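Work through these short exercises with the structure open beside you. Try each task before you read its solution.

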Amino acid sequence: MVCFELTQLELMKLHNIDVQKSSFQAQIWVEFTIHGGALDSNLSADGAVFPMGADGQPTFRPSAGWYMEQVDFRNAHSVKVVDSKWRRVGDDILMAGRYEGVFSEEYQLEDYPFDQQGLTILLNFNCRVGGPLPIELTVSPKCKLTMSCIDVCPPAREWSVNTKMRLNSFNIGDDYDTDRVFPALSITAQVKRKPMYHVLNLAVPMGLFSFLSLIQAICNDNTEGSINHRHQMTLMMVLTATSYKMAIAGKLPPVSYLTWLDKYTLSNYLLIIAMALQSRALTQLGGDGEQTGTYDRVCTAVLAGVWGLMHCYFVVVGAKSYFNSGTNLRDSNLRDCGKSSKFVVVEAPSPARGLPIPKADGSTS
């Protein structure tokens, strides 16, 4: 069995994080080390060689170049090899490759727009674990990480990229009763959405609509003319909120469950409808009556309390999701990695800390 140890990783590009299409684009550079591989004449043979024996049968002793051609990405819509090479360093063989592609991702959007996502690239070698060419993928505890995409790539305007990445080596197919089990490596970068645009343009207007409906109930006099006018205004606010909700529907992620923004928008919408119903009930009771005034004050106070408690709840939930610096357990990639004994977290050095940044050739800047 040949052991490939991941010793260096660079996330070079990270862009087009598309929630609508459940995909993202990335370019990575990976370097694997085969310790003692240079001492093996078959592994260190030039080219992608799969030698044949004197009897005309395959020896199943391919070269490192052949192994590099077996790299695959299970969750890629499309991928291309930008560069692929290997070299001998002392007794070891270093295999390096640069890959760029479009990868699928299942986004967890319950906390949208305060969500954090784990963007995973699933790399594997097409060599069966139980086959004639078994290999093992491991992650070096001293794996070097470079993230040149931070604050450079387009996501920097909408997402902030965590300097830590989660690496997990495992076997694809272990959970199924099959002999098609392949060594794999998951590379997960964590990103956090910058929510200000969504809050100001999608959430705040809906909250103001419900607040304006509440102001109508607080400021109007308890007269028949004022009550009728209030009834008309609250109905207009219902139509305004309905139109606005339809207008922003295209900007919301198409998921089958309710996100934070969906719940907030729906809560304000229902509150506006409740205020409209209360105004309609007042028109039936008529104005200028003590009973009508008591009913109006009690209902208005209850609706005002509901408005205040509702906004306190959503502010607390949103802030808790946004400032959560720990593992986002909503994301299945991060949750599954945390249970693995081969799970490793590596952090990219930052120039702000005065640490050198490793380059692809192993030197520092």
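**Exercise 1. Confidence**

Task: Find the average pLDDT of the protein, and find how pLDDT behaves over residues 351-365.

Solution. This is a predicted model. Start with the whole protein: pLDDT averages 82, and 83% of the residues score at least 70. Now turn to residues 351-365, where pLDDT stays under 50. The model has 28 contacts beyond four places in sequence for this stretch. Take care here: where pLDDT is low, the predicted coordinates should not be read in detail.

**Exercise 2. A hairpin**

Task: Describe how β4 and β5 pair.

Solution. First locate the strands: β4 covers residues 76-89 and β5 covers residues 92-104. They run antiparallel to each other and pair over twelve bridges. One bridge joins R87 to L94 in β5. Next, look at the turn. Two residues sit between the strands, and G90 has a positive phi near 65°.

**Exercise 3. Salt bridges**

Task: The whole structure has six salt bridges. Take the partners of R87, R88 and R193, and decide whether each residue is buried or exposed, or in between.

Solution. Begin with R87. Its partner is E31, with the closest N and O atoms 4.0 Å apart. The pair links strand β4 to strand β2, 56 residues apart. R87 is partly exposed, at 37% relative accessible area. E31 is buried, because its 6% is under the 20% cut-off.

Move to R88. R88 pairs with D46, at 3.3 Å between the closest N and O atoms. D46 lies in the loop between β2 and α1 and R88 in strand β4, so the pair ties together parts 42 residues apart in sequence. D46 is exposed, at 60%, while R88 is partly exposed, at 44%.

Finish with R193. R193 bridges to D115, with the closest N and O atoms 2.7 Å apart. R193 is in strand β9, D115 in the loop between β5 and β6, and 78 residues separate them. Both are buried: R193 has 2% relative accessible area and D115 has 0%. Salt bridges with shared partners join D115, E158 and R193 into one network.

**Exercise 4. L43 and its contacts**

Task: Is L43 buried or exposed, and which residues does L43 touch?

Solution. Place L43 first: it lies in the loop between β2 and α1. Its relative accessible area is 8%, so L43 is buried. Then list contacts, leaving out residues up to four places away in sequence: among them are V2, I34, Y67, W86 and I93. V2 is 41 residues away in sequence, yet 9.6 Å away in space, C-alpha to C-alpha.

Terms used:
Residues are numbered from 1 along each chain as its sequence is written. This is a predicted model: local features need pLDDT of at least 70, side-chain atom pairs count only at pLDDT 80 or more; totals for chains, interfaces and linings use all residues. Side-chain values use heavy atoms; hydrogens and water are left out. Two strands pair if DSSP finds at least two bridges between them. Helices (H or I, at least four residues) and strands (E, at least two) are DSSP runs, numbered from the N terminus. pLDDT is the predictor's confidence in each residue, from 0 to 100. Contact means heavy atoms within 4.5 Å. Buried means under 20% relative accessible area, exposed over 50%, partly exposed in between (1.4 Å probe, protein chains only). A salt bridge is a side-chain nitrogen of Lys or Arg within 4 Å of a carboxyl oxygen of Asp or Glu.
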